[in-house]
Amino acid sequence: MAKSFPPMDRVLGTPRSARPRVIAGLLCALGGFVVTVAALNAVIPASVRADADVALVDAAWERVAAETEVLIIGSSRVFDHLLPDVVEARLAERGHPLRCFNAALVGSFAHETDVRLRRMLRVPSPRLRFVVAELQPWAPEIYGGMRYTARTIDWHDAEATADALRTCESAPADLDAKFGNATDHLGQFAARVTGAGLVGTVASRFRDAWSGRDERVIAETVAAKSLPRSRSASATGPAPTTQSTAFDAALFRTRTAAMLAGTLADDCWGVFDRDMLTRRVDAIRAAGAEPVHFVSPTAYTFAAGLSAAAEPGMGHTLAFNRPADYPGLFDPMARFDNFHLLRPAARELSVRVADGLADLMDAAAAADRKR
Amino acid sequence: MIFNEARFFVFLAIVLAVYWALRRDGQRKTWLLFTSCIFYGAWSTKFLALMLGTALFDYGAGLLLTRWTDPRRRRAVVATSLIVNLGVLGFFKYWGFFVGAAADLLLSLGFQPNLPVLHVVLPVGISFYTFQSLSYTLDVGRGAIPAVRSARDFLLFVTFFPQLVAGPIVRAIDFLPQLTSIRTIDRVKFRACAVLFLVGFAKKTCIADRVAGTVDAVFQDVGRHGAADLWTAACLYAVQIYCDFSGYSDMAIATAGAFGYTLTRNFNFPYLAQSVTDFWRRWHISLSTWFRDYLYIPLGGNRLGTARTCLNLALVFLLCGLWHGAAWTFIIWGLWHGAFLLIERAGGERLLESAPVPLRTVWSLGAVVLGWVWFRSASATDAATAFAGLFGAAAGPAVRSVSPVWWVLIAALAVTHFAASRGRLVSARLATLPLPSFAVLYGVTWALVLFCAAIGNRAFIYFQF
């Protein structure tokens, strides 16, 4: 027989089979592991552990939170569509000079948005009046390139992971897919708890800070009131100016036509969880603001989500997924792709959102006067 | 399921705990066979059936070889086994390649070929388990070992999950005798297994996966990069593939060891080789010895004159390249190594022996690292572009995007490789440490390795073979 490898006898000893010794050994190893992980977690501050983009938005938010009145949060459908300068200008025109901050991130799905919103609302923001949060389904799946990224690991705290597991359980899927999605979330949670892979994140954060890049981007972010898209996608600035080559305009037209005919199924990429929506609303109200659920102009009905948001006490909704009411936003020539608008349409949408907010404030003022 | 993902750790803990809790050796083997099927079936139940089917065929062939003494009938059985095993391997792995190559050839001759195109999915680990199963029929056929009576034992030999998908290629002659003797927990060197598993995991996740991004970025677009980037990427790929594959082998050997089974050594510090011939005694040893014993020596080896030896070597390395994948790049890689072996056999090795050690290392490392360029490139055209760039003959202006800091890592790893070969890394003191101290140290090291790991469950390179 070929020589065994490693040369075990020469290098290492042989434990005798004694159950208490094995258990004691395992406990000691676990103890060493836990203490080291705890020490690493204690030594590395949360701001360094976070993904670069998230940390920069958070840093920018800390600088502007005290004077911001409208916080906007969600995915690229919010980041690209709600331009803070346009919203502010329109609000001022309508007699409501409020300051906006767009904290949306490209690729941020509902679970991540919840975690980020929770953390951002911990920063004192006494003037905050509205939180415009994207109403989108809670997705059970972590999408391709987002798995095991610093950002995804970072949002998998215990509460978010428990929520994600609940979504995996309730979303319609076969058992294999449910199990796969659940283990995926647990994997990210385990990575977060153990600090797995952190050395890469920490090194890149130190490199960015050392080169002064962080400061430059935060200055840029505060000036633009949202993170430049160049950090997370190919286009520069929010809302792209040229159409995506991958845009399937024919499919988009078909879905839009079905929406107009009222025959489009409620086929979104996750579930609308009423409890999670309630928690989001409660968190926003606890921070002294009013929740505004924003639905971007996409060819999805989100019927379940809209009906949950329409329940009493759930806040206000600005839904733009209605081609009959907003035909200009559903013109394929106005779109980057199925989900996103080109810049001129984004400006139009920003104005409409500002109008929606102004209407809410005017209505509230009228109600106050009546009283 | 791969060794560097969380669910494997859960799977392994359960399998190991139940295995040692079972009182009878037969029950343990049945449990191992069952869990090995789950391990492979988690990827594809269809291909699990294929693997079990071919394994049962070889098991039957072994029984026939025991029953029949007529040499002609025995030869027919061995030949049938060869045809079935290589036929299955050929269909799944090489069909598309050969049909494509034939179509290209016919097209270049002015024909308009209309050959059947099938998009065949490659079963994970097919090259490994086919060779393993074949070694059994060939060994029984030539009377080196008796046939196995127990179907369970034979299926366990083929499907044993620690080495199922990426080796080491276990020979029947090495593994089957282990199945006939009882494994006892007292004989298991758990400390050694635990350390080896951690070393393998660290090699894979802290080194191979960390350099992978840089290597991929350069090899995705070789034409854009200049000589400095290409040399760095080629050397980093040498690091990546070694740490990836030897890391897997370490984890496989350690896992098997925890069940009381010994697998053959697969690497012996290959980058310290003093010649290309020496490299092949140290790299993927289970494959190179397989080809030596079942192909090179039966073809006549070096016993039939210089010309025949050269032909045998060329054929062995051509097939060795083809074993790795159905692509021209692998074939050229195999022939590249074959050519260096021929040069050394033609007198080069004698010259090398008289040369200083650094010169010998440069010779063998140079051949190996440049060989990896063929191996890693997406196509032969890409490889040719890379070679032009490596030697300063790039067609267009080149960018420099790879940090020279990588050379610090390469140098550090070279020193580590050398120190490890001298046995200076795993201190003998570990053996004498009291269990609690060893266990705490082990837990601390795991936490640090995880901290440094590149996570994301990146698959092992050799899974595709």
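Reader: Are A:Arg151 and A:Glu112 buried or exposed?
Author: This is a predicted model, where local features need pLDDT of at least 70, side-chain atom pairs count only at pLDDT 80 or more, and totals for chains, interfaces and linings use all residues, while side-chain values use heavy atoms, with hydrogens and water left out. Residues are numbered from 1 along each chain as its sequence is written, with chains lettered from A and ligands numbered from 1 in the order in which they are written. Buried means under 20% relative accessible area, exposed over 50%, and partly exposed in between (1.4 Å probe, protein chains only). By that scale, A:Arg151 and A:Glu112 are buried.

Reader: At what N to O distance do the side chains of A:Arg151 and A:Glu112 meet?
Author: They form a salt bridge, that is, a side-chain nitrogen of Lys or Arg within 4 Å of a carboxyl oxygen of Asp or Glu. The N to O distance is 2.7 Å.

Reader: Which elements does the pair of A:Arg151 and A:Glu112 link?
Author: Helices (H or I, at least four residues) and strands (E, at least two) are DSSP runs, numbered from the N terminus. The two residues are 39 apart and link distant parts of the chain. A:Arg151 is in helix 8 (residues 150-155) of chain A, and A:Glu112 is in helix 7.

Reader: What span should helix 7 of chain A have?
Author: The expected span is 1.5 Å times one less than the number of residues. Helix 7 covers residues 110-121, a run of 12. The end C-alpha atoms lie 16 Å apart, which agrees with the expected 16 Å.

Reader: How many residues of helix 7 of chain A are buried?
Author: The buried set includes A:Ala110, A:Val115, A:Leu117 and A:Leu121. Charged members are in it too, among them A:Asp114, A:Arg116 and A:Arg118. Helix 7 is largely enclosed by the rest of the structure, because the buried count is 11 of the 12.

Reader: How many cavities of 30 Å³ or more are there?
Author: On a 1 Å grid over the protein atoms alone, a cavity is a set of points where a 1.4 Å probe fits but cannot get out, and lining residues have an atom within 4 Å of a point. Points are joined across faces, edges and corners, and a volume is the space filled by probe spheres set on them. The count is 2.

Reader: Which element gives the largest share of the lining of the largest cavity?
Author: This cavity holds about 120 Å³. Its lining has 13 residues, and A:Phe109, A:Glu141, A:Ile142, A:Tyr143 and A:Trp155 are the closest to its centre. Two elements give two or more residues, helix 7 and helix 8 of chain A. The largest share, 3 residues, comes from helix 7.

Reader: How many charged residues line the second largest cavity?
Author: The volume is about 30 Å³. A:Glu112 and A:Arg151 are in the lining, as are A:Arg116, A:Arg119 and A:Asp154. Ala, Val, Leu, Ile, Met, Phe, Trp, Tyr, Cys and Pro count as nonpolar, Asp, Glu, Lys and Arg as charged, and the others, Gly among them, as polar. The lining has 3 nonpolar residues, no polar ones, and the charged number 5.

Reader: Which arginines belong to the salt-bridge network with A:Asp154?
Author: The whole structure has 33 salt bridges over all chains. In this network the acids are A:Asp154, A:Asp157, A:Glu159 and A:Asp163. The arginines are A:Arg118, A:Arg119 and A:Arg279.

Reader: How many residues apart are A:Arg127 and A:Glu69?
Author: Their side chains meet in a salt bridge at 2.8 Å, N to O. A:Arg127 is in the loop between helix 7 and strand 3 of chain A, and A:Glu69 in the loop between helix 4 and strand 1. A:Arg127 is partly exposed at 39%, whereas A:Glu69 is buried at 6%. The separation along the chain is 58 residues.

Reader: Which residues does A:Asn181 touch?
Author: A:Asn181 is in helix 10 (residues 175-194) of chain A. At 13% relative accessibility, A:Asn181 counts as buried. Contact means heavy atoms within 4.5 Å. Not counting residues up to four places away in sequence, A:Asn181 touches A:Pro140, A:Glu141 and A:Cys168.

Reader: How far apart are the C-alpha atoms of A:Pro327 and A:Asp368?
Author: A:Pro327 lies in the loop between strand 5 and helix 16 of chain A. A:Pro327 is exposed, at 54%. A:Asp368 is 41 residues away along the chain, and the C-alpha separation is 35 Å.

How values were computed:
On a 1 Å grid over the protein atoms alone, a cavity is a set of points where a 1.4 Å probe fits but cannot get out, and a pocket is an open set with protein on both sides within 12 Å along at least five of seven lines; lining residues have an atom within 4 Å of a point.
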